[in-house]
Amino acid sequence: MTAPRPVQETDVTGATVWLTGLPSAGKTTIAYELARTLRERGRAVEVLDGDEIREFLSAGLGFSRADRDTNVQRIGFVAELLARNGVLALVPVIAPFADSREAVRKRHQAGGTAYLEVHVATPVEVCSVRDVKGLYAKQAAGELSGLTGVDDPYEEPESPDLRVESQDQTVRESAAAVLELLTQRGVV
């Protein structure tokens, strides 16, 4: 008698959800709230937090245009690898340049892997009040330069899959909007 074959998760669809926006826009907070909800539903989820990636995967990179692009491409590679293996990769990373984000999207398309771009479109005035890491205060005091959206460029997505205005809703509502997008696209 043959033992029953273990159930395989071949039906599970992975995807990368890239949450882009200014510092303190709410990207990471939304990603972790969404991850909690998805895990409660039994989904495999990883949050590729930009700060953690910079510490462990992109240590030594600065904030020049070339270094920012390298960082985004590394994160995009890892996200696509996870997503193609059935994991929902939530990526709350600024990724300030449209061409860098487009390169990541094309990598996913080439592999047939779902990629969704969510613009957390919180205005800089709101972000500077939130100032989660104290970056805006340091920039205003002249202790920091090159702050994305203030004295360094941020190219807003022209046509993201979803635009979230976190200043007008709770974290749960923002995460629910992203979840609705995933549902509409057949990912969850």
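**Figure 1. Strands β2 and β3 side by side.** In this predicted model, β2 pairs with strand β3 (residues 88-92) in the parallel sense, and 3 bridges join the two. To find your way in, look for V45, which stands opposite L88 in β3.

**Figure 2. The open sheet of 5 strands.** Step across the sheet and you meet the strands in the order β2-β3-β1-β4-β5, with parallel pairing. β2 (45-47) and β5 (162-164) stand at the edges; each has a single partner strand, so one side of each is left without a neighbour in the sheet. From one strand to the next, the twist averages 20°.

**Figure 3. Two helices lying across the sheet.** Helix α3 (residues 65-84) lies across β1 (15-20), β2 and β3. Its direction makes an angle of about 145° with β1. Helix α7 (residues 171-184) lies across β1, β4 (114-120) and β5, and here the angle to β5 is about 175°. Notice that β1 appears in the list for α3 and also in the list for α7.

**Figure 4. Helix α3 beside helix α4.** Here α3 is joined by helix α4 (residues 98-111): the two axes come within 9 Å and cross at roughly 25°. Angles under 35 degrees count as roughly parallel, and α3 and α4 are therefore roughly parallel to each other. Their crossing is right-handed. On the α3 side, the meeting residues are R65, D69, V72, Q73, G76, F77, A79 and E80. They face D99, S100, A103, V104, R107, H108 and G111 in α4. The residues of this contact divide into 5 nonpolar, 5 polar and 5 charged.

**Figure 5. Helix α1 packed on helix α7.** Helix α1 (residues 27-40) and α7 pack at an angle of about 60°, and their axes are 9 Å apart. The crossing of α1 with α7 is right-handed. From α1, the contact takes in T29, I30, E33, L34, R36, T37 and L38. From α7 come V171, R172, S174, A175, V178, L179 and L182. Sorted by kind, the residues of the contact of α1 with α7 are 8 nonpolar, 3 polar and 3 charged.

**Figure 6. Stepping back to the whole chain.** Now the close-ups can be put in their setting: the chain has 7 helices and 5 strands. Follow the sequence from its start and the pattern reads β-α-β-α-α-β-α-β-α-α-β-α. The C-alpha trace spans about 75 × 35 × 30 Å along its principal axes. How does the radius of gyration of the chain, and what a compact globule would have, come out? With 188 residues, a compact globule would have a radius of gyration near 16 Å, and the chain has 17 Å, which agrees.

Conventions: Residues are numbered from 1 along each chain as its sequence is written. This is a predicted model: local features need pLDDT of at least 70, side-chain atom pairs count only at pLDDT 80 or more; totals for chains, interfaces and linings use all residues. Side-chain values use heavy atoms; hydrogens and water are left out. Two strands pair if DSSP finds at least two bridges between them. Helices (H or I, at least four residues) and strands (E, at least two) are DSSP runs, numbered from the N terminus. Axes are lines fitted to C-alpha atoms, for helices over the stretch in contact, and angles run from 0 to 180 degrees between N-to-C directions. Contact means heavy atoms within 4.5 Å. Angles under 35 degrees count as roughly parallel, over 145 as roughly antiparallel, 65 to 115 as roughly perpendicular and the rest as oblique. A crossing is left-handed if the near helix is turned anticlockwise from the far one by less than a right angle, and right-handed if clockwise. Ala, Val, Leu, Ile, Met, Phe, Trp, Tyr, Cys and Pro count as nonpolar, Asp, Glu, Lys and Arg as charged, and the others, Gly among them, as polar. The radius of gyration is taken over C-alpha atoms; the globule rule is 2.2 Å times the number of residues to the power 0.38.
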